[in-house]
Amino acid sequence: QVQLVESGGGLVQPGGSLRLSCAASGSIFSIYVMGWYRQAPGKQRELVATVTSGGNTNYADSVKDRLTISRDNAKNTVNMQVNSLEPGETAVYYCYTYGRYGSSTLRAYWGQGTQVAVSS
């Protein structure tokens, strides 16, 4: 069993910054990809950013100039900061991991999600 514990989120003023953290624990063999997706009301879940164990990153075009993502492979944690947030980025943000767990099963895990509201 694998647990993802997300922290951060809440109410952010327009133009403000968001910092999210996620820690994975449990029966982990190796996590290849960690990152964040988000789902706004009435919309599909979409990529925000991911980072591989080798440090390669993948960003959504809408955030790539405003975002920093980093991970600690030894601690199985990922941190993300997004600056200059806009009201349209109000969403539930989900931690995402992909790797080998337990008896080397290759699969993805999702966190429960943390609500982010961008509003004055």
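The following exchange goes through strands, a hairpin and aromatic contacts in a predicted model.

Colleague: What is the order of the strands in the open sheet of 4 strands?
Modeller: Pairing in this open sheet is antiparallel. β1 (2–8) and β7 (67–72) each have a single partner strand, so they stand at the edges, with one side of each left without a neighbour in the sheet. From one strand to the next the twist averages 15°. The order is β1-β3-β8-β7.

Colleague: Which side chains of β7 are buried?
Modeller: In a regular strand, side chains alternate between the two faces of the sheet. β7 shows this alternation: T68, S70 and D72 point to one face and are not buried. Those pointing to the other face are buried, namely L67, I69 and R71.

Colleague: Which residue in the hairpin of β7 and β8 takes a positive phi?
Modeller: β7 and β8 (residues 77–82) pair in the antiparallel sense over 6 bridges, and D72 has T77 in β8 as its bridge partner. The hairpin has 4 residues between the strands. The residue with a positive phi, near 55°, is N76.

Colleague: Is T97 buried or exposed?
Modeller: T97 is in strand β9 (residues 91–101), and its side chain makes a polar contact with the side chain of Y101 at 2.7 Å. Beyond four places away in sequence, T97 touches L4, I31, V33, M34, R107, A108 and Y109. Its relative accessibility is 0%, under the 20% cut-off, so T97 counts as buried.

Colleague: How is the ring pair of Y37 and W110 classed?
Modeller: Y37 is in strand β4 (residues 28–39) and W110 in strand β10 (residues 105–110), 73 residues apart. The ring centres are 5.1 Å apart. Planes over 60 degrees apart count as edge-to-face. The planes here stand at 70°, so the pair is edge-to-face.

Colleague: How is the ring pair of Y96 and W110 classed?
Modeller: Y96 lies in strand β9 and W110 in strand β10, so this pair ties together parts 14 residues apart in sequence. Y96 counts as buried at 14% relative accessibility, whereas W110 is partly exposed at 37%. The centres are 5.0 Å apart and the planes are at 55°, so the pair is tilted.

Colleague: Which residues do the ring pairs link into a cluster?
Modeller: The model has 4 aromatic pairs. Y37 pairs with W110, and Y96 also pairs with W110. The cluster is therefore made of Y37, Y96 and W110.

Colleague: Which residue lies over the face of Y109?
Modeller: Over the face of Y94 lies R45, at 3.7 Å from the ring centre. For Y109, the distance to the ring centre is 3.8 Å, and the residue is R107.

Conventions:
Residues numbered from 1 in each chain as written. Predicted model: local features only at pLDDT ≥ 70, side-chain atom pairs only at ≥ 80, totals over all residues. Heavy atoms only, no water. Pairing = 2+ DSSP bridges. Helix = DSSP H or I, 4+ residues; strand = E, 2+ residues; numbered from the N terminus. Axes fitted to C-alpha atoms, helices over the stretch in contact; angles between N-to-C directions. Buried < 20%, exposed > 50% of the residue type's maximum accessible area, 1.4 Å probe, protein only. Polar contact = N/O pair within 3.5 Å; in protein donor to acceptor, adjacent residues only side chain to side chain. Contact = heavy atoms within 4.5 Å. Phe/Tyr/Trp six-rings, centres within 6.5 Å; stacked < 30°, edge-to-face > 60°. Lys NZ or Arg CZ within 6 Å of the ring centre and 35° of its normal.
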